[in-house]
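Trainee: I should like to learn how to read the main features of a protein model. Could we take them one at a time?

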Amino acid sequence: MKLTGTAYCRQMSPLYTVFYLGLMMGLFFLCFAHDARSQVTSEKGWIIASANTGCADLSISITHQRSGVGELQFSFEGDINDPIASDVGEPVGGSFEFGETKTYTYESPGNFVIFIFDQTNGLTDEERIDRLEITVLPNDPPKTSVTSCQGRSILINFDKSNDPFNSYRILFGDGAQETFSGNESVEYTYAVSGTYEVLVQGLLDNGESSSCKLAKHEVSAFDQLPIPQLNSLVINDLETITFNYEPLNPGLQYYVEIDSGSGFEVLENIDALTDTNRFQYSSSNLNFQDLNYRFRIRAEDACGLFQEFSEVGNSIAFDISYSNINTSIDFNMRWSTNSIGFTQLEFFTEDQLLSTFTQNETLDFLFSTIDCRDLGDFFLQGTFNGVLSTSMVIDPFRTTALTLPPPPPPRTDLIGANANLTFPETGFISSNFQVFRKDIDDQFSLLNETIGPTYVDISIPLGLSEVCYRITYEDACGNISAPSEEVCLALGSSLGIPNAFSPNNDGINDVFKVKDANYLSFTLEIFNRWGNLVFKTTNPSTGWDGYFEGRPAPTGSYTYRVSFQGTDKVPFTRAGSVLLIR
């Protein structure tokens with residue numbers, strides 16, 4: 001059904017137009033109020049009711065109109081199975097005289113019966129009862145939708161199968177109103193383009209009003225279909241994308257379209273009411289890590305005769321993979337996006353711009369660092385035809401923590417009954433070290449964690465002839481290295497190192513040396529009390545004769561450090577002091 005708005009509206013002054021529309025709105029609501037009080041009578045005519053159907057909360061007024069009888073009793077919520085047992089006490093019942101009116105409000109939807117009782121003696125139960133059935137509907141507005149068409153037209157659709165109403169009264173917002181059956185859609189054309197509020201009231205048989213809520217629709221009457229504006233694309237994960245756009249017109253139909261390489265096709269429709277300026281779509285058929293797509297939004301009027309398209313935005317496929325972790329963390333980046341509308345891509349970590357790329361795709365871009373804190377969340381951005389596109393954000397440690405290369409073994413010295421460990425440089429920015437010790441059970445277990453450059457083990461178990469250590473380190477991002485090689489310290493006097501010697505050529509303890517053994521490697525170093533090196537040898541058969549730079553060294557205490565590797569290829573280090581006596 002087609003209707004045309006009053007053309008004379010264009011000739012009215014703005015002030016008169018406001019007055020006219022206000023007057024019509026008032027009359028409209030007055031009519032609604034009048035309909036809501038359409039009177040009905042009970043089966044025997046003993047009462048007149050203000051209505052017998054309406055929406056909760058529904059107030060019903062009944063008036064006693066049976067003359068010559070006097071007092072009647074009533075129950076607004078009578079017992080349909082046993083009317084005589086109905087409650088006539090307040091608040092659901094009571095009594096009233098001829099001409100008196102009683103009112104009751106039904107707060108919940110349902111079917112009810114008002115019973116009227118005549119207490120005159122000698123009447124049968126059937127003769128003493130009158131009734132009126134009441135239907136209380138949910139307080140829902142009519143189920144209608146309004147869409148817009150090019151040429152200042154709107155299309156009103158009814159869902160009558162899910163509505164209790166028999167007809168509908170429509171106020172179009174320009175002063176015009178009509179009543180329709182709702183059996184078919186109504187097309188209405190405005191005389192002037194603009195925004196209008198369309199009100200729809202549901203009516204019951206005989207023009208009775210439901211007194212339910214009105215359906216309210218804000219519609220746009222336009223000469224030309226508005227072009228949708230796509231602002232940005234954001235890839236959320238491997239198969240999810242978010243579209244951001246200018247607010248949509250609720251009277252139009254919108255679709256997201258995708259081009260996977262074979263032309264545009266519909267991906268999904270957009271509900272302009274619920275997804276006004278943002279729409280998220282997810283499908284296992286999409287792969288934003290390896291593939292790139294083109295997207296646009298299509299607007300279509302309800303009449304299906306006209307359509308407009310937004311600018312096209314291109315998604316960016318993006319991924320990283322590690323190529324090497326040795327002296328630095330190296331990984332390859334790969335990306336691709338459509339070349340149409342391409343100018344450049346910007347590479348970000350967190351919100352910091354790291355680089356700009358002028359190629360729209362690559363399979364092998366190397367990025368290196370020794371500080372894991374450089375590896376924040378990575379993403380790429382580019383602008384295509386005015387549409388900002390953001391790739392999937394990638395956490396470099398999204399699957400598992402990295403295993404950093406093992407550190408060199410720590411330098412280990414025996415000082416008294418304690419082992420002193422000095423940690424090496426790792427080549428990476430480390431936050432702490434983990435120290436592991438092999439005890440009597442011949443198994444390594446975590447001994448301690450420390451952030452310092454050294455660690456002193458003061459809990460070496462008794463009964464060990466040697467103690468062995470391994471270390472790992474952890475960077476600021478929680479990545480842990482592989483363990484270092486094992487390093488061991490010989491305990492007790494098994495090395496046969498004297499604690500004093502007297503280089504006086506008497507043939508007794510003239511030379512400070514370590515007991516001969518089978519060494520694969522060997523180093524002996526001796527330091528004076530100022531820490532200066534006074535002697536060094538890699539020959540275990542050669543000892544220190546007490547001379548320094550060709551002159552006898554002075555009497556006193558000196559520090560030695562012995563490092564060697566035996567036939568078992570296990571490195572040992574021993575440090576201590578020796579007294580030079582002359």
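Mentor: This is a predicted model. We begin with its largest nonpolar core, which has 34 residues.

Trainee: Which residues have the most contacts inside the largest nonpolar core?

Mentor: They are Phe-318, Met-333, Phe-347, Leu-380 and Tyr-469. Among the strands that each supply at least two residues of this core are E26 (317-325), E27 (329-336), E28 (345-349), E31 (378-384) and E39 (466-475). Strands E35 (418-422), E36 (430-438) and E41 (487-490) are also included, each with at least two residues. Another core, of 26 residues, lies apart from it; Phe-222, Ala-272, Leu-286 and Tyr-293 are among its members.

Trainee: How should the sheets be read, and what is the order of the five strands that form an open sheet?

Mentor: Strands of a sheet pair through backbone hydrogen bonds, in either a parallel or an antiparallel sense. Here the order is E4-E10-E9-E6-E7, and the pairing is mixed. Strand E4 (53-55) and strand E7 (93-96) each have a single partner strand, so they stand at the edges with one side lacking a neighbour in the sheet. From one strand to the next, the twist averages 25°. Within this sheet, E6 (residues 72-75) and E9 (residues 110-117) run antiparallel and are joined by three bridges. Ser-75 has Phe-115 in E9 as its bridge partner.

Trainee: Which strands stand at the edges of the open sheet of four strands?

Mentor: That sheet has the order E14-E13-E16-E17, with antiparallel pairing. Strand E14 (177-180) and E17 are at its edges; each has a single partner strand, so one side of each is left without a neighbour in the sheet. The average turn between neighbouring strands of this sheet is 25°, direction ignored. Seven bridges pair E16 (residues 194-203) with E17 in the antiparallel sense, and Gly-194 has Ala-221 in E17 as its bridge partner.

Trainee: Let us turn to pockets. How much space lies in the largest pocket, and which residues are the closest to its centre?

Mentor: Rolling a probe the size of a water molecule over the atoms reveals where empty space is left. In this model, the largest pocket holds about 340 Å³ of space. It is lined by 17 residues, of which Val-146, Thr-147, Pro-250, Asp-271 and Leu-273 are the closest to its centre.

Trainee: Which strand supplies the largest share of the lining of that pocket?

Mentor: The largest share, four residues, comes from E11. Strands E11 (144-149), E17 (215-221), E20 (253-259) and E21 (264-270) each contribute at least two residues. By class, the lining of the largest pocket comprises nine nonpolar, six polar and two charged residues.

Note on methods: Residues are numbered from 1 along each chain as its sequence is written. This is a predicted model: local features need pLDDT of at least 70, side-chain atom pairs count only at pLDDT 80 or more; totals for chains, interfaces and linings use all residues. Side-chain values use heavy atoms; hydrogens and water are left out. On a 1 Å grid over the protein atoms alone, a cavity is a set of points where a 1.4 Å probe fits but cannot get out, and a pocket is an open set with protein on both sides within 12 Å along at least five of seven lines; lining residues have an atom within 4 Å of a point. Grid points are joined across faces, edges and corners, and a volume is the space filled by probe spheres set on the points. Ala, Val, Leu, Ile, Met, Phe, Trp, Tyr, Cys and Pro count as nonpolar, Asp, Glu, Lys and Arg as charged, and the others, Gly among them, as polar. Two strands pair if DSSP finds at least two bridges between them. Axes are lines fitted to C-alpha atoms, for helices over the stretch in contact, and angles run from 0 to 180 degrees between N-to-C directions. A nonpolar core is a set of buried Ala, Val, Leu, Ile, Met, Phe, Trp, Tyr and Cys residues joined through side-chain atoms within 4.5 Å. Buried means under 20% relative accessible area, exposed over 50%, partly exposed in between (1.4 Å probe, protein chains only).
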